[in-house]
Amino acid sequence: MNSVARTATRVYGWRWIVLPPTVGIAMLAMIVGAMVVAPREAVEGEVQRIFYIHVPSAIAAYLAFFIVFVSSIAVLWRRDMRFDVVARAAAGVGVLFTGLVLATGAIWGHPIWGTWWAWDARLTSTLILFLIFSGYLLARSLSDTSDEQSARYGAVFAIIGFLDIPIINMSVRWWRTLHPQPIVLKMPGEQALPGSMLAVLWLGMVAILLLALWFIVLRSETERIATRVNELRVALDRDDEG
Amino acid sequence: MNGALTVMRKDLVLLWRHRSGWLSAATFATMSVLTYSFAFDLVTDDVRPLLPGVLWVTFLFAGIIACSRSFADEVEQGTFDAMLVAPIPRSSLYLGKAVSNLAALLTIEVAVMLMATILFNTTLLTAELAFIVGVGTVGYVSLTTLLATLGSRVRSREVLLPVLALPLLVPLLIAGVRATGGALDVPNGDGPWLLLIVVFTIWSAVGSALLFPMVVEQ
Amino acid sequence: MTATFAIEVTRLSKRYGTTTVLDGVELSLVAGSRTALTGANGAGKSTLLAILSTLVSPTGGQVRIAGYDLQTQAVEVRRRIGVLGHRPMLYEDLTPLENLLFFAKLYGVANPRPRAEAFLEVLGLWSRRFEPVSVLSRGYHQRLAIGRALIHSPEILLLDEPETGLDAEGIELLDALMLREPAFTVLAATHRLDRIAGWADSTANIERGRLVSHQVSAEALAASR
């Protein structure tokens, strides 16, 4: 257990050397793959290429929110404010990628469905997810980051928000798919994809997940340093008074 | 248990003394139904299918307004700390506020439904609807009361509370509107809406009561 | 010989993030003692009192109050302490009688009504028992707050800056109510020692989160012999 922790610490120490170039190369490869290598989709045309970003972004967003959930439990349980920093960082990245999912979905939906937006089950639940964690970020940004009580409040909200996701999904699915739909939804990921498309999708998955990971690490570090600076300032002020 | 009852009775007395506060939420709610009815009547002859949506949106907003100050006075007067140093379970503090908020909201809802009965020319005070609205109210009041622990700690909490609460309440909104529509014979899709209301209510009541002590711990 | 300690604090520490507020505080108070806790603003007095009153949980160390462990037996501790802060901690929209009744019931006091009424008499609030607290003067607030803190006959009273909430008359009243109980222990955080100098029998001084001295006055030593 101890050696695992030590290895993890050592690997984490390499983050600035490993992450930026890996992310850069993976992103470049993904773009080349999506634009050049992957074949043109027969029915949907060029716009289908957006799914090499769209699908991985959705997965990255869910992963980020899962990190928020786990860190929030840790905030309540371990009373360690370092987890709050990670939760805030992951929530920001999750909201970013959910926004990306909604935006790329709309860009795809306009030519294919003939509308930017529809109250479809999946779209609705993604939007609600976006709103829940935007609310979390708003609440956390309105309170002092060193305020432990607000951190605990934020953690409780994040936990409830995450646990609400299955209930939201359940409710919107009953609401929508029991209805006849004008457009039958079928994501490319659900169809049998040709080999080269699938390979590019996997490449995109790796690239986006690495990007999300790098963002979370970067934000955690900046937040941590900002918190530290704030604490030092408070300590200095107190010394001036004393 | 005794402690919880004592807190609850105190909160009900305070609810009565502070009635001007939440009665303004009641005024807001009836005004909102009145305005909806008037505005919809301008564009369509049959306003009845819109009624479930009007009711639930009004309930949720009235709930947020009425619950938002739940803990603010306690925190400002220091009585919140006074209760925390007393030998009672933390969750009884939550229970007292949730029950008094529930009483306020049920009063508001009866007023709104009487108003809607007249304006939308529909019988609303039936056992089925009372069940749907009653259970659903427990669901949203328990969640909104928990979120109101934000108390006086955060600036612009009046804006923040709806932003935080409404997305979480979407399942209840969907199920409530659909179930109410079903009870009023408004054509809509089938679905286990009552079950969803009950599931949501149990989830939010149990979850909130368990998480409340975590928020007040320092 | 084993002295009975009302409050026993061992290696107590409290950190917020990387800021250390309390750092290895050791303090033992004999049952029946009255200690003034002094120190500058931000030295950690309030945090120490908040921890002792179970409002804030410590980062490390151990606290025993009336023989009960603060963290595992918090409910037993809460039964035995009274807390009087610089705010009265009263319901402004309830009457004095309702306030005292509520807190008496909260603590499970037997026969809450006669007890609350007896307190109102002693506190000089009998004639105003049906008026909302919000219309009462500051002095009455303070008296009622004393009643609230003592309604369950605590063994230990924790006072946070009594000079901002209590005037000389209040302290006299406190004394009158406390003197009946010889084992009553008081810990009062203050930065104006002169106000309670004649009343405390020992002083503890806290500086930058550390307890730097704990002196028992000669008089008190003599009395305990």
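## A tour of chains C, A and B

Chain C has 9 helices and 10 strands as its secondary structure. The model is a predicted one. With chain C still selected, colour its 225 residues by burial: 45% of them count as buried. Among the contacts in chain C with a separation of 6 or more, 70% join residues 24 or more positions apart.

**Chain A: a helix pair**

Next, select residues 51-78 (helix 3) and residues 81-113 (helix 4) of chain A. The axes of these two helices come within 7 Å and cross at roughly 160 degrees. An angle over 145 degrees counts as roughly antiparallel, and helix 3 and helix 4 of chain A are therefore roughly antiparallel to each other. Their crossing is left-handed. Sorted by class, the residues in this contact of helix 3 with helix 4 of chain A are 20 nonpolar, 8 polar and 2 charged.

**Where chain A meets chain B**

Now show chains A and B together. The contact between them involves 29 residues of chain A and 28 residues of chain B. On the chain A side, the elements that give two or more residues are helix 5 (121-142) and helix 6 (148-177). Helix 6 of chain A supplies the largest share of that side, 18 residues. The class count for the side of chain A that touches chain B is 19 nonpolar, 7 polar and 3 charged residues.

**Chain B: helix 2**

Hide chain A and select residues 19-41 of chain B, which form helix 2. At 1.5 Å a residue, the 23 residues of this helix should span 33 Å, and the end C-alpha atoms are 33 Å apart, which agrees. Show side chains for B:Trp22, B:Ala25, B:Ala26, B:Ala29, B:Val33 and B:Tyr36, which are buried. To see what the buried residues of helix 2 pack against, add helix 3 and helix 6 (90-119) of chain B.

**Chain B: helix 3 and helix 7**

Keep helix 3 of chain B (residues 51-67) and add helix 7 of chain B (residues 127-147). The two axes come within 10 Å and cross at roughly 40 degrees. This crossing is right-handed. On helix 3 of chain B, the contact is made by B:Leu60, B:Gly63, B:Ile64 and B:Cys67; on helix 7 of chain B, by B:Tyr140, B:Val141, B:Thr144 and B:Thr145. Colouring these residues by class gives 5 nonpolar, 3 polar and no charged residues.

Note on methods:
Residues are numbered from 1 along each chain as its sequence is written. Chains are lettered from A and ligands numbered from 1 in the order in which they are written. This is a predicted model: local features need pLDDT of at least 70, side-chain atom pairs count only at pLDDT 80 or more; totals for chains, interfaces and linings use all residues. Axes are lines fitted to C-alpha atoms, for helices over the stretch in contact, and angles run from 0 to 180 degrees between N-to-C directions. Helices (H or I, at least four residues) and strands (E, at least two) are DSSP runs, numbered from the N terminus. A crossing is left-handed if the near helix is turned anticlockwise from the far one by less than a right angle, and right-handed if clockwise. Two residues are in contact if their C-beta atoms, placed from the backbone, lie within 7 Å. Ala, Val, Leu, Ile, Met, Phe, Trp, Tyr, Cys and Pro count as nonpolar, Asp, Glu, Lys and Arg as charged, and the others, Gly among them, as polar. The expected span of a helix is 1.5 Å times one less than its number of residues. A residue is buried if 20 or more other C-beta atoms lie within 10 Å of its own, exposed if 12 or fewer, and partly exposed in between; C-beta atoms are placed from the backbone. Angles under 35 degrees count as roughly parallel, over 145 as roughly antiparallel, 65 to 115 as roughly perpendicular and the rest as oblique.
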